[in-house]
Amino acid sequence: MKTTHTHSSHELPDFSLVLGGPLFQLLVRSRLATPGLELMKRRIVIITLFAWLPLLLLSLIDGKAWRGAGLPFLYDIEMQVRFLIALPLYIGAELLVNQRLRLVVKQFVERDIITEEVLPRFKEVLDSAMRLRNSVAIELVLFILIFVGGHYFWSAISGIDKIGTGTGTWYAAAADGGTRLTPAGFWYVFVSRPLFQFIVVRWYFRLFLWARFLWQSSRLELNLIPTHPDRAAGLGFLGASIAAFTPLIVAHGSLLAGLMANPILFAAAKLTDFKMEIIGGVAVLLLLFLGPLLAFTPRLLRAKRIGLREYGMLASRYVKEFDLKWVRGGAAEDEQLIGSGDIQSLADLGNSFQVIRDIQPFPFGKDTVIRVLVMTLIPVSPLVLTMIPLEELIRKLLGAIF
């Protein structure tokens, strides 16, 4: 293993996926945020009401809030979930991501995984990520794609011209064999939906920055210790980064639940009809949030190979000397086996060797995977009640307890 030097993490550039960019500066100037991301509740309330409240008011005026359409506004579970659950989660996630990921990044230096010699290159990786985060051009392109081109792209995919056929919905009504947008529909198509999509796509860009940072960091000369008890050569702390993304995972799970809710509640569909959607949604989220950590797999496998070789040679020398001393009679006559530290050292060496053999190819464990699964499926769980009547479910639970 290479020699390391002591240095402090305060030398690092301040890493944050969210404290930068034109939209962040706009929120600060409009007093919806501070440079330290305070005023979170204000941001959530104002942005959510801006997207959702006009839809309710316009639907009320048009008589389609809870009646007067095949799918009234307040009965559209997908829309309520999108704007009243997922959108606040996407906005509120910024604070948690900002707090947690900064601590994760600092541990590269605090754990001496980034040594003094590699620190300048690590700083370059951080600076590169921050420059992309602050890019005006990238956010402008995202804005144009969503607010200008997004309407035509979404219409082509979702078939908005067909949605209002028959009895229509709260945002599209049947008219002369086609459809026309209602007043609420205009606000939804040109304001609420693009705003929501922009916030989501902006998060995907941030996740790209995080994945890019991890990939570039994995290409540096890392000081990994094969005998580290985390079974990940010292990189086990990266699995804790998933905690920072918990609101985002729950938000995606909520969108998945909302997508299934309308067909189940109003079109006689069953939860089992959406098995592929659920499996696909879980797989996508696992790839999205755990996939970037796989960049360290080659480093972990290399650390395991080197550790097994080096500690294997050390173990060979030790057991040879132990055999000569205690089995072949090489110990001094007055030296007692009982009380000797040689056997404990042999056991410690065996434990160290086993730790190396147990090194995982990923810097996270099964508990991290289970956490992603649970956070994704929690919003879907209420839909189970559509398959089992609530009274029957309560009766079974009470029967299991008593």
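Glu221 is partly exposed, with a relative accessible area of 33%. The model in which this residue is described is a predicted one. Glu221 belongs to the loop between α7 and α8, the latter covering residues 241–244. Its counterpart in a long-range approach is Glu117: the two residues are separated by 104 positions in sequence, while their C-alpha atoms lie 9.2 Å apart in space.

The loop between α7 and α8 also contains Arg231. The backbone of Arg231 adopts a positive phi of about 60 degrees, although the residue is not a glycine. Most residues other than glycine have a negative phi. Arg231 has a relative accessible area of 30%; because this value falls between the limits of 20% and 50%, the residue is classed as partly exposed.

A positive phi, near 60 degrees, is also found at Ala268, again a residue other than glycine. Ala268 is placed in the loop between α9 and α10, where α10 spans residues 275–290. With a relative accessible area of 71%, Ala268 is exposed, since the threshold for that class is over 50%.

From this loop the description passes to helix packing. Two packed helices are described by the angle between their axes and the distance between the axes. For helix α3, residues 77–110, and helix α9, the axes come within 8 Å and cross at roughly 180 degrees. An angle over 145 degrees counts as roughly antiparallel, and α3 and α9 are therefore roughly antiparallel to each other. Sorted by class, the contact of α3 with α9 comprises 17 nonpolar, 4 polar and 2 charged residues.

Helix α9, residues 246–266, also takes part in a surface feature, as one of the elements that give two or more residues to a nonpolar patch; the other is α2, residues 40–61. The patch is formed by Val45, Ile46, Leu49, Leu53, Leu57, Leu60, Trp66, Leu74, Tyr75, Leu265 and Phe266, and their accessible area together is about 970 Å². The greatest contribution comes from α2, with 6 residues. Val45 is located in helix α2. The relative accessibility of Val45 is 47%, so this residue counts as partly exposed. Membership in a patch requires over 30% relative accessible area, and the value of 47% for Val45 is in keeping with that requirement.

The charged side chains give a further view of the model. The number of salt bridges comes to 5, where the criterion is a side-chain nitrogen of Lys or Arg within 4 Å of a carboxyl oxygen of Asp or Glu. One of these pairs is local: Arg82 forms a salt bridge with Glu78, and the closest N and O atoms are 3.3 Å apart. Because Arg82 and Glu78 are 4 residues apart in helix α3, about one helical turn separates them. The partners fall into separate accessibility classes: Arg82 is buried at a relative accessible area of 14%, whereas Glu78 counts as partly exposed at 21%.

Helix α3 also supplies Glu94, which takes part in salt bridges reaching across the sequence. Arg202 forms a salt bridge with Glu94, with 3.5 Å between the closest N and O atoms. This pair links distant parts of the chain, with Arg202 in helix α7 (residues 183–218) and Glu94 in helix α3, 108 residues apart. Both Arg202 and Glu94 are buried. The side chain of Glu94 also meets that of Arg206 in a salt bridge, at 3.0 Å from N to O. Glu94 lies in helix α3 and Arg206 in helix α7, so this pair ties together parts that are 112 residues apart in sequence. The relative accessibility of Glu94 is 9%, which means that the residue counts as buried, and Arg206 is likewise buried, with a relative accessible area of 3%. Glu94, Glu139, Arg202 and Arg206 are linked in a network of salt bridges.

A final long-range approach concerns helix α13, residues 366–377, which holds Thr368. Thr368 has a relative accessibility of 9% and therefore counts as buried. The C-alpha atom of Thr368 is separated by 8.7 Å from that of Leu290, although these residues are 78 positions apart along the chain.

Definitions and conventions
Residues numbered from 1 in each chain as written. Predicted model: local features only at pLDDT ≥ 70, side-chain atom pairs only at ≥ 80, totals over all residues. Heavy atoms only, no water. Patch = residues over 30% accessible without salt bridge, like charges linked within 9 Å, V, L, I, M, F, W, Y side chains within 5 Å. Areas by Shrake-Rupley, 256 points an atom, 1.4 Å probe, with all protein chains shown as cover. Buried < 20%, exposed > 50% of the residue type's maximum accessible area, 1.4 Å probe, protein only. Axes fitted to C-alpha atoms, helices over the stretch in contact; angles between N-to-C directions. Parallel < 35°, antiparallel > 145°, perpendicular 65-115°, else oblique. Nonpolar A, V, L, I, M, F, W, Y, C, P; charged D, E, K, R; others polar.
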